[in-house]
Amino acid sequence: MTVKENLRPGGRSARVQASVHKAVRELLAEMSRAEVTIPLIAGKAGVTPSTIYRRWGDLQQLLADVAVDRLRPDMQPIDAGSGKADLEAWAEQYAEEMSSGPGREMIRDVLAAQASANACKCAEFTRQQVGLIAERAKARGEVFPDVERVMDQVVAPIMYRILFGDVPDAARVRDLVSCVMGAAL
């Protein structure tokens, strides 16, 4: 079953989504992931289980939707004065957040869902962040690599290491950034 997009920007649909997401976050804070069920979520959210099944299809899709919401950046990348410094600061923070326990759980939830729409949303969030760094660098007159090159040469290696159990340290992240920035010159 596919995830249905929010058909209306407000109203009942938005309230249901907010209530269900809040219930999921609270239950995950109180108990193990294996104990969380749709009936528990529905009870805590004040909706019927059929409402959740109709909107999300299954528990994994719901968990993926909540994870995507939590992975949405809540601020712009910091301005450290240059494209390279901005990218280093952002990439180090990205690696740290994604390799944390909660970060890894959210990645697993997004990737475990059968529909790839949530994974695509996460990739787009990352592209947007890198795009903002690129725009700032170009506005300062700096040479900056293409966003897709940064995705391939910085983000992808970081995510690969996180997915397969290795935590990329700050030195490794800075090395990735140096390589992609050097290639852009």
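Let's start with D175. Its relative accessible area is 38%, so D175 is partly exposed. Keep in mind that this model is predicted. D175 has a partner, R172, and the two form a salt bridge. The closest N and O atoms are 3.3 Å apart. R172 has 28% relative accessibility, so R172 counts as partly exposed too. Where do D175 and R172 sit relative to each other? Both are in helix α9, three residues apart, so about one helical turn separates them.

Why would such side chains pair at all? Side chains of opposite charge can pair when their charged atoms come close.

Stay with α9 for a moment. R174 also makes a salt bridge, this time with E92. The closest N and O atoms are 3.3 Å apart. This pair links distant parts of the chain. R174 belongs to helix α9, residues 170-184, and E92 belongs to helix α5. Along the sequence they are 82 residues apart. R174 has a relative accessible area of 35%, so R174 is partly exposed. E92 is at 27%, so E92 is partly exposed as well.

Now go to helix α1. Here E26 and K22 meet in a salt bridge, at 3.4 Å from N to O. They lie four residues apart in α1, about one turn of the helix. E26 has 29% relative accessibility and counts as partly exposed. K22 has 46%, and K22 also counts as partly exposed.

How many salt bridges does the count give? It comes to 15. Some of them join up. D79, D86, R136, R140 and E142 are linked in a network of salt bridges.

Look at R136 in that network. R136 lies in helix α7. Is R136 buried or exposed? Its relative accessibility is 19%, and the cut-off for buried is under 20%, so R136 counts as buried. Leaving out residues up to four places away in sequence, R136 touches Q76, P77, I78, D79 and D86. Two of those names, D79 and D86, you just heard in the network. Compare R136 with I107. They are 29 residues apart along the chain, and their C-alpha atoms are separated by 28 Å.

I107 takes us to helix α6. I107 is one of the buried residues of α6. The others are G103, R104, M106, D109 and V110. What do these buried residues pack against? They pack against α4, α5, α7 and α8. Check the length next. α6 has twelve residues, so at 1.5 Å a residue it should span 16 Å. Its end C-alpha atoms are 16 Å apart, which agrees. At the N-terminal end, S100 is the cap. A side-chain oxygen of S100 lies 3.1 Å from the backbone nitrogen of G103.

Next, helix α4, residues 59-71. It has 13 residues. From first C-alpha to last it reaches 18 Å, close to the expected 18 Å. Its buried residues are Q61, L62, L63, A64, D65, V66, A67, V68 and L71. What covers them? The cover includes α1, α2, α3, α5, α6 and α7. This helix has a cap too. D58 caps the N-terminal end of α4, with a side-chain oxygen 3.2 Å from the backbone nitrogen of Q60.

Now out to the surface. L111, Y160, L163 and F164 form a nonpolar patch there. Together they have about 470 Å² of accessible area. Take L163 from that group. L163 is in helix α8, residues 147-163. At 40% relative accessibility, L163 counts as partly exposed.

Last, the whole chain. Which elements does the chain have? There are nine helices and zero strands. Along its principal axes, the C-alpha trace spans about 55 × 35 × 25 Å. Of the 185 residues, 39% count as buried. The accessible surface comes to about 9900 Å². Carbon and sulfur atoms hold 54% of that surface. And the contacts? Take those between residues at least 6 apart in sequence. Of these, 70% join residues at least 24 apart.

So hold on to a few pictures. R174 and E92 link distant parts of the chain. R136 is counted as buried and is part of a salt-bridge network. The buried residues of α4 have α6 among their cover, and the buried residues of α6 pack against α4.

Key: Residues numbered from 1 in each chain as written. Predicted model: local features only at pLDDT ≥ 70, side-chain atom pairs only at ≥ 80, totals over all residues. Heavy atoms only, no water. Patch = residues over 30% accessible without salt bridge, like charges linked within 9 Å, V, L, I, M, F, W, Y side chains within 5 Å. Areas by Shrake-Rupley, 256 points an atom, 1.4 Å probe, with all protein chains shown as cover. Salt bridge = Lys/Arg side-chain N within 4 Å of Asp/Glu carboxyl O. Helix = DSSP H or I, 4+ residues; strand = E, 2+ residues; numbered from the N terminus. Buried < 20%, exposed > 50% of the residue type's maximum accessible area, 1.4 Å probe, protein only. Expected span 1.5 Å × (residues − 1). Contact = heavy atoms within 4.5 Å. Polar contact = N/O pair within 3.5 Å; in protein donor to acceptor, adjacent residues only side chain to side chain.
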